[in-house]
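User: Please take a close look at one part of this model, the site where the ligand is bound. I should like a connected account of the contacts made there and of the surroundings in which they occur.

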Amino acid sequence: MKINVSNTFNLELPADKNRENDRRQVLEACFSYVNPKKTKAPELIHVSDEMLNELGISKEDSLSTNFIEIFTGNKVYPESKPYAMCYGGHQFGNWAGQLGDGRAINLFEINHNDKQWAVQLKGAGETPYSRSADGLAVLRSSIREYLCSEAMHHLGVPTTRALSLCQSGDQVLRDILYNGNPAYEKGAIVCRVAPSFIRFGNFEIQSARKNHILLKKLTDYTIKHFFPKITITGKDKYLEFFKVVCNKTIDMIIHWQRVGFVHGVMNTDNMSILGLTIDYGPYGWLEGYDHTWTPNTTDAQQRRYRFGNQMYIGLWNLFKLANAIYPLIEETKSLQNILDSYNDLYEERYVNMMRKKLGFEMALEEDNKIINKLEIALQLIETDMTIFFRNLGLVNKEFKASEAIEIIKDAFYSFTDFKNQVKQEWIAWLELYLKRLKKEEISNKRKLQNMNLVNPKYVFRNYMAQLAIDRAEVGDYQLIEEFYMMLKKPYNEQPEFQKWFSKRPDWARNKVGCSMLSCSS
Ligand code: AMP
Ligand code: MG
């Protein structure tokens, strides 16, 4: 297997001088060299043919022992020197100090077809940043990360990617619910890939330590490689950089709201500087549309990272990034101006995104009201977000509200609650919607086509992940393959997968792993 290794991060930024793999505060460095841990019985579970292509690795190579050894960390690729990055972060609103890649190890960067990719293993053993944990990952969370990152990509959501999912053959001890019941689980390793894994927290840690030289080096590196359009110099360069990061972050969150994705742990160490969805932990998909929903049981009280709060947290996190890079700019007003424009930008893009979901081509003043009222209606009774929007595409302009109800009612979890006030409000909304639709010149057919491009038919529902996990735990990887194939084309009808276009079954409502997840992974 020949890989076109083309490292930049570890060549252009300072390394930790200490080469021991013990836990410590790493000062004056952006990363520490560390080798992955050898595993007992590495085994390939799945590989993404698309990522193989992107990286210039052949299918044949992916089936070799060499591939498995390299992508489980059992062998270090000849021209490479694995390392873990140093970053800090604000977790659940509080400064947490140094965090870093506690269980991610970067193998190398690849340049293929003029695209730069950083390749890292998640769950490949301890690093100087592992704090009190083991550096490992379990099979269930690795399946969730592997399938979801590829699914998000095909949904058109900016995200880190995944190349491979392997079992390590080792046993890993986890207390899933943090309730004093630890148990051994199968260990696994995901190889994930992105142009860069730099997070807000990489800047925060240097700034918190007042290491402005390193802060500048890291920011210059980031701009040079990932924001090449920024060519101005001086403090304007950093302001422009911040503005672009704000833009990308807004776009990412708008996409989350479009497909009903709840990240679950939007700490600043989990915010990619490239605006990519990163660190798939206790994330979840909205089944019932609900602004207050979060899958993360660790956040069940505060619900800081609930669906309806993601945009505000985006801004909060950007505020922390602004503080971190302030020493490069030393002027509050311009940074503040950029942050002040966040809400308006978000609102404008959100409304445009929702217009598309509703099948509107024109932008009319009244759309805001229609969208607000829809968000209220969707929360009157439990309504499946994905099914609702997908079926709404089938509502023709000429329909009466009563006919439209017949089309969308499949999205309701229980039709028995659909009466009285609830029914009246839905009819009122549909009348508003149909009246608005009539102002459009597009045909019903084109409206449906347009809507089907933004309203996915298939998402990686929480219970689907759990089904794939339950099967994989007993060595059956068929569902992983099935979901991988289905989620490659989430906007296509794919009649062969029709059974997955259905509401969450009742058994999954309160099942651990389906709607309830902890950070234990
Ligand atoms: P997360 O909440 O998964 O984003 O993790 C927060 C921090 O904890 C990051 O620095 C992780 O690298 C680290 N971490 C999480 N799980 C482990 C683990 N099993 N071993 C070592 N470090 C971990
Ligand atoms: Mg993380």
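Analyst: In this predicted model, a nitrogen atom of ligand 1 lies 2.7 Å from a backbone N or O atom of Gly135. Side chains contribute polar contacts as well. An N or O atom in the side chain of Asn270 is 2.9 Å from an oxygen atom of ligand 1, and a polar side-chain atom of Arg103 is found 3.3 Å from a nitrogen atom of the ligand. Ligand 1 taken alone exposes 480 Å², and 82% of that area is buried by the protein.

The shell around the ligand consists of 17 residues. Gly135 and Asn270 are among the closest of these, together with Gly100, Gly102 and Arg131. By class, seven residues of this shell are charged, six are polar and four are nonpolar.

The shell can also be placed within the domain assignment, which gives domain 1 (9-200), domain 2 (231-351) and domain 3 (362-441). Ligand 1 lies between domain 1 and domain 2, because both of these domains give residues to its shell. As for domain 3, its C-alpha centre lies 44 Å from that of domain 1.

The wider setting of ligand 1 is the largest pocket, in which the ligand sits. This pocket holds about 970 Å³ of space. Its lining comprises 36 residues, and those closest to the pocket centre are Gln91, Arg103, Arg131, Cys519 and Ser521. Arg103 thus appears both in this central group and in a polar contact with ligand 1. Arg131 likewise belongs to the central group and to the residues closest to the ligand. The lining of the largest pocket divides into 13 nonpolar, 13 polar and ten charged residues. Domain 1 and domain 2 both supply residues to this lining, so the pocket, too, lies between them.

A further pocket may be described alongside this one. The second largest pocket contains about 500 Å³ of space and is lined by 22 residues. Nearest the centre of the second largest pocket are Pro195, His225, Phe226, Lys248 and Leu274.

Definitions and conventions. Residues are numbered from 1 along each chain as its sequence is written. Chains are lettered from A and ligands numbered from 1 in the order in which they are written. This is a predicted model: local features need pLDDT of at least 70, side-chain atom pairs count only at pLDDT 80 or more; totals for chains, interfaces and linings use all residues. Side-chain values use heavy atoms; hydrogens and water are left out. A residue is near a molecule or strand if one of its heavy atoms lies within 4 Å of it. A polar contact is a pair of N or O atoms within 3.5 Å; within protein, one must be able to donate a hydrogen and the other to accept it, and residues adjacent in sequence count only if both atoms are side-chain atoms. Accessible areas come from the Shrake-Rupley method with a 1.4 Å probe; for residues, only the protein chains shown count as cover. On a 1 Å grid over the protein atoms alone, a cavity is a set of points where a 1.4 Å probe fits but cannot get out, and a pocket is an open set with protein on both sides within 12 Å along at least five of seven lines; lining residues have an atom within 4 Å of a point. A molecule sits in a cavity or pocket if more than half of its atoms lie within 2 Å of its grid points. Ala, Val, Leu, Ile, Met, Phe, Trp, Tyr, Cys and Pro count as nonpolar, Asp, Glu, Lys and Arg as charged, and the others, Gly among them, as polar. Domain bounds come from an automatic or database domain assignment. Grid points are joined across faces, edges and corners, and a volume is the space filled by probe spheres set on the points.
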